[in-house]
Structures are given as structure tokens and as C-alpha cells.
Amino acid sequence: MTNQRILITGATGFLGSHLSTKLSDTPNQVYLADSSTDLRDQSAVKNLFKEVKPTLVYNLAAKVGGIGANINKPATFWRDNLLMGIN
């Protein structure tokens, strides 16, 4: 896998940060999307894709909050994570 335009969502999270470190040693162009891009917003995602023009995407973004938050607001976490995956 060389000469790819790789977009990593959730780049500041545990998995994303490790993946971006590994990919930085390859001849690929790596673009990092962190929490400043609202991946739940379809127009924001379209703009991101228009700007980056990725050939490969690692979608590692997720809304997390721990067990208590997931128990108290399961629909919110489900909806937000679903939207990020769909967009």
C-alpha cells in the first residue's frame, strides 16, 4: 500500500494515534481528522472529503463516555456513532 491519500478519523484517540504513527513512516499522504470536524454533520464530512480526496479511510471516530454515560444516554451514543459511520 503506497501512494495513498489516507484519512484517519478519530486520529487523536487511542487507535487513531497509534495508526497515524505507524503510517507516518510510509510513503503515503496521511490526513488526520480529530474532534474539530463534526462527523455527524453530513455537509462537514462532504467538505472534508472534498478537501482531502482520500483514497483510503480508517473510520476510528466514536463518541465515548464510559459505562455510566452509556447506561444513562444509550440512544445519544447510538445515534451519534451511527451518524459518524453513515456519513
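**Exercise 1. Contacts and the chain as a whole**

Work out what share of the contacts in the chain between residues at least 6 apart in sequence join residues at least 24 apart.

*Solution.* Begin with the term itself, since a contact here means heavy atoms within 4.5 Å. Among contacts between residues at least 6 apart in sequence, 60% join residues at least 24 apart. The model is a predicted one, in which local features need pLDDT of at least 70 and side-chain atom pairs count only at pLDDT 80 or more, while totals for chains, interfaces and linings use all residues. Residues are numbered from 1 along each chain as its sequence is written, and side-chain values use heavy atoms, with hydrogens and water left out.

Next, consider the extent of the chain, whose C-alpha trace spans about 45 × 25 × 20 Å along its principal axes. Of the 87 residues, 25% are buried, where buried means under 20% relative accessible area, exposed means over 50%, and partly exposed lies in between (1.4 Å probe, protein chains only).

**Exercise 2. Strands and their order**

Describe which elements the chain has and in what order the three strands form the sheet.

*Solution.* First list the elements: the chain has four helices and three strands, and along the sequence they follow the pattern β-α-β-α-β-α-α. Helices (H or I, at least four residues) and strands (E, at least two) are DSSP runs, numbered from the N terminus.

Then turn to the sheet, which is open, has the strand order 2-1-3 and is paired in parallel; two strands pair if DSSP finds at least two bridges between them. Strand 2 (29–33) and strand 3 (56–59) each have a single partner strand and stand at the edges, so one side of each is left without a neighbour in the sheet. From one strand to the next the twist averages 15°, with axes being lines fitted to C-alpha atoms, for helices over the stretch in contact, and angles running from 0 to 180 degrees between N-to-C directions.

Finally, look at one pairing in detail: strand 1 (residues 5–9) pairs with strand 2 in the parallel sense over five bridges, and Leu7 has Tyr31 in strand 2 as its bridge partner. Helix 1 (residues 14–23) lies across strand 1, strand 2 and strand 3, and runs at about 160° to strand 1.

**Exercise 3. The two faces of helix 2**

Explain why the buried residues of helix 2 line one face of the helix.

*Solution.* Start with the residues themselves: in helix 2 (residues 42–52), Ala44, Val45, Leu48 and Val52 are buried. Seen down the axis of helix 2, these buried residues fall within an arc of 100°, so they line one face; the arc is that of the directions from the helix axis to the C-beta atoms. An α-helix has 3.6 residues a turn, so residues three or four places apart point the same way.

Now ask what lies on either side. The buried residues of helix 2 pack against strand 1 and strand 2, whereas the face turned away from the buried side carries the exposed residues Lys46 and Lys50. Just after helix 2, Lys53 takes a positive phi of about 55°.

**Exercise 4. A network of salt bridges**

Trace the salt bridges that Asp80 makes with Arg40 and Lys63, and say whether Asp80 is buried or exposed.

*Solution.* A salt bridge is a side-chain nitrogen of Lys or Arg within 4 Å of a carboxyl oxygen of Asp or Glu, and by this rule the count comes to four. The side chain of Asp80 meets that of Arg40 at 3.5 Å, N to O. Asp80 lies in helix 4 (residues 74–86) and Arg40 in the loop between strand 2 and helix 2, so this pair ties together parts that are 40 residues apart in sequence.

The salt bridge between Asp80 and Lys63 has its closest N and O atoms 3.0 Å apart, and it links helix 4 with the loop between strand 3 and helix 3, the two residues being 17 apart. Asp80 is buried, with a relative accessible area of 3%, while Lys63 is partly exposed at 31%.

Arg40 also meets Asp38 in a salt bridge of 2.9 Å, N to O. Through shared partners, the salt bridges join Asp38, Arg40, Lys63, Arg79 and Asp80 into one network.
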